[in-house]
Amino acid sequence: MKKKQLKVDPIKTGTVIDHITAGKALQVAEILNISNSESEIMVGINLYSKKMGKKDIIKIENRELSEEEAGSIALISPTATLIIIENYKVVRKFFIDVPEKIKHHIICPNPNCITNIESVPTLFFLAGKNPVEVRCSYCEKKYFIEDVKFSF
Ligand SMILES: [Zn+2]
């Protein structure tokens, strides 16, 4: 029998963002600013996943993510896992926690919110985890993460 071929080549050293919600990889890529990156990057979209049916995946050579980047990824895809690779071996594998406090990146959907009237940077607090819900610290309104827009 022919061995199942890997859809995405393994990387030597770097970070794999696995189990990204299908269709969200490009948004995650935007957070990581990969168009300005010199690292080798592989993006897989709608790959087969036993656990999720379909998933996206991003592999980045020679790069570790900052805590802020990881937190932003969790906002977009709470199912994402990070895998740290060294010398083709997995050295760490973990879920990313959605941050308790999100500065700047969420645009408040409330048109009357002061953050949409004056140039006040937004600040949201985590209000629920399953599904992820956030609360604007200015207008106090709560929103599901699916209903907000981001700016990175
Ligand atoms: Zn608001």
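Colleague: How should I read the relative accessibility of S77: is this residue buried or exposed?

Modeller: Residues are called buried when under 20% of their relative accessible area remains, exposed when over 50% does, and partly exposed in between, with a 1.4 Å probe and protein chains only. S77, at 0% relative accessibility, therefore counts as buried. This is a predicted model, in which local features need pLDDT of at least 70 and side-chain atom pairs count only at pLDDT 80 or more, whereas totals for chains, interfaces and linings use all residues. Residues are numbered from 1 along each chain as its sequence is written, and side-chain values use heavy atoms, with hydrogens and water left out.

Colleague: Where does S77 lie, and which residues is S77 in contact with?

Modeller: Helices (H or I, at least four residues) and strands (E, at least two) are DSSP runs numbered from the N terminus, and S77 lies in the loop between α2 (67–76) and β4 (81–86). Contact is taken as heavy atoms within 4.5 Å; once neighbours within four places in sequence are set aside, S77 is in contact with H19, I20 and T21.

Colleague: How many residues of α2 are buried, and what do the buried residues of α2 pack against?

Modeller: The helix is mostly covered, with 8 of its 10 residues buried, namely E69, A70, G71, S72, I73, A74, L75 and I76. These buried residues of α2 pack against β1, α1, β4, β6 (101–103), β7 (106–107) and β11 (149–150).

Colleague: Which residues of the largest nonpolar core touch the most other members?

Modeller: In soluble globular proteins, nonpolar side chains tend to be buried together. A nonpolar core is here a set of buried Ala, Val, Leu, Ile, Met, Phe, Trp, Tyr and Cys residues joined through side-chain atoms within 4.5 Å. The largest such core has 33 residues, among which I17, I73 and I106 touch the most other members. At least two residues each come from β1 (14–21), α1 (25–31), β3 (53–61), α2, β8 (123–129) and β9 (132–136), and α2 gives the most, with 5 residues. Domain 1 (14–95) and domain 2 (101–150) both give residues to this core, so it lies between them. A second, separate core of 7 residues includes V16, M42, L47 and I57.

Colleague: Into which domains is the chain divided, and how many residues does the contact take from domain 1 and domain 2?

Modeller: The bounds come from an automatic or database domain assignment, which divides the chain into domain 1 (14–95) and domain 2 (101–150). The C-alpha centres of the two domains lie 24 Å apart, and the contact takes 7 residues from domain 1 and 7 residues from domain 2.

Colleague: What are the protein donors of the zinc ion?

Modeller: Donors are N, O and S atoms within 2.8 Å of the metal (3.2 Å for Na, K and Ca), and sites may look incomplete in the absence of water from the atoms. For the zinc ion, the protein donors are the SG atoms of C108, C113, C136 and C139, lying 2.3 to 2.4 Å from it, and along the chain they follow the spacing C-x4-C-x22-C-x2-C. One of these residues, C136, counts as buried at 0% relative accessibility.

Colleague: What are the angles among the 4 donor atoms of the zinc ion?

Modeller: Ideal angles at a metal are 109.5 degrees for four tetrahedral donors, and four donors count as tetrahedral if all angles lie between 85 and 135 degrees. The site of the zinc ion, with angles of 104 to 115° among its 4 donor atoms, is tetrahedral.

Colleague: Which residues does N116 touch, and what lies 2.7 Å from a polar atom of its side chain?

Modeller: N116 lies in helix α3 (residues 114–117) and is partly exposed, with a relative accessible area of 35%. Not counting residues up to four places away in sequence, N116 touches I107, C108, N110 and P111, and the backbone oxygen of N110 lies 2.7 Å from a polar atom of the N116 side chain.

Colleague: Which residues does a cis peptide bond join, and where is H104, with its positive phi, found?

Modeller: The cis peptide bond joins N130 and P131, with omega about 5°, and P131 has its place in the loop between β8 and β9. H104 has a positive phi of about 70° although it is not a glycine; H104 is found in the loop between β6 and β7 and counts as partly exposed at 47% relative accessibility. N62 is likewise a residue other than glycine with a positive phi, near 55°; N62 lies in the loop between β3 and α2 and counts as exposed at 59% relative accessibility.

Notes: A polar contact is a pair of N or O atoms within 3.5 Å; within protein, one must be able to donate a hydrogen and the other to accept it, and residues adjacent in sequence count only if both atoms are side-chain atoms. Four donors count as tetrahedral if all angles lie between 85 and 135 degrees; four count as square planar and six as octahedral if opposite donors are over 155 degrees apart and all others between 65 and 115; anything else is irregular.
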